[in-house]
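Colleague: I am new to this one. Can you walk me through it?

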Amino acid sequence: MNISTLRRKRVILPTLAAVAVVGAGGVFWAASADDVSGDERDRVAAAAVEVAGGGEAVDVEESDDPGEAYEVEVRLADGTEIDVTLDRDLRVVAQDRDDDRDDDRDDDLDDDTGVDADDRVLSDAERASAEQAALAAVGGGTVLDVDPSDDPGVAYEAEVRDTAGVEWDVDLDAAFAVVTKVADN
């Protein structure tokens with residue numbers, strides 16, 4: 001056996017393993033780098049809540065679209081949500097009320113009410129049950145968002161960040177049983 005070949009393998013294989021670990025860590029960091037935190041999150045959230053006329057900022061992220069700096073989802077007291085897009089100076093670029101009926105599936109109206117199924121407002125009990133089921137599905141963490149769904153067989157869509165920092169999309173049926181659970185890349 002050639003000794004120089006063995007020596008190269010001893011150097012190359014650990015080096016490749018280290019590069020793979022660093023690369024995977026970079027991908028994980030990049031996936032979570034869109035979230036805004038700390039004082040900056042508070043400042044951006046307050047600006048978006050003011051634009052929305054009150055409520056709570058439930059999701060604050062950096063935007064990678066030209067002319068936009070932040071995307072903020074604000075939930076009003078009645079449960080409706082407004083997506084507010086801001087520039088670096090916290091000026092409004094756009095805002096969109098989730099019930100504007102510009103969804104891809106606007107033809108999926110509830111026959112009894114004439115309302116798009118995913119635009120209905122969740123009751124406090126529905127939201128609490130969906131949050132509990134979504135957290136149990138991923139083993140704990142933080143619920144980022146819960147919305148009604150108009151997908152067949154899915155009543156609720158939840159976004160959860162688990163204790164390891166991985167974000168999950170969890171779909172639940174009307175009995176709060178998990179339909180699908182997918183790590184969000």
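Some questions and answers on a sheet and its helices follow.

Modeller: Keep in mind that this is a predicted model.

Colleague: In what order do the 4 strands of the open sheet lie?

Modeller: The sheet is open, and its pairing is antiparallel. Two strands, S5 (142–148) and S8 (178–183), pair on one side only, so by that definition they are the edges. The order is S5-S6-S7-S8.

Colleague: By what angle are neighbouring strands of this sheet turned against each other on average?

Modeller: Direction is ignored for this value. The average turn is 15°.

Colleague: Which residue is the bridge partner of valine 160 in S7?

Modeller: Start with the strands. S6 (residues 156–161) and S7 (residues 167–172) run antiparallel, joined by 6 bridges. Valine 160 is bridged to a residue of S7, tryptophan 168.

Colleague: Which helix lies across S5, S6, S7 and S8?

Modeller: Look at residues 124–138. They run at about 125° to S7. This is helix H3.

Colleague: Which strands do the buried residues of H2 pack against?

Modeller: Helix H2 covers residues 38–52. Its 15 residues reach 21 Å from first C-alpha to last, close to the 21 Å expected. The buried ones are Val44, Ala45, Ala47, Ala48, Val49 and Ala52. They pack against S1 (56–62), S2 (70–75) and S3 (81–86).

Colleague: Which glycine takes a positive phi just after H2?

Modeller: H2 ends at residue 52. The phi just after it is about 85°. The residue is glycine 53.

Conventions:
Residues numbered from 1 in each chain as written. Predicted model: local features only at pLDDT ≥ 70, side-chain atom pairs only at ≥ 80, totals over all residues. Heavy atoms only, no water. Axes fitted to C-alpha atoms, helices over the stretch in contact; angles between N-to-C directions. Contact = heavy atoms within 4.5 Å. Expected span 1.5 Å × (residues − 1). Buried < 20%, exposed > 50% of the residue type's maximum accessible area, 1.4 Å probe, protein only.
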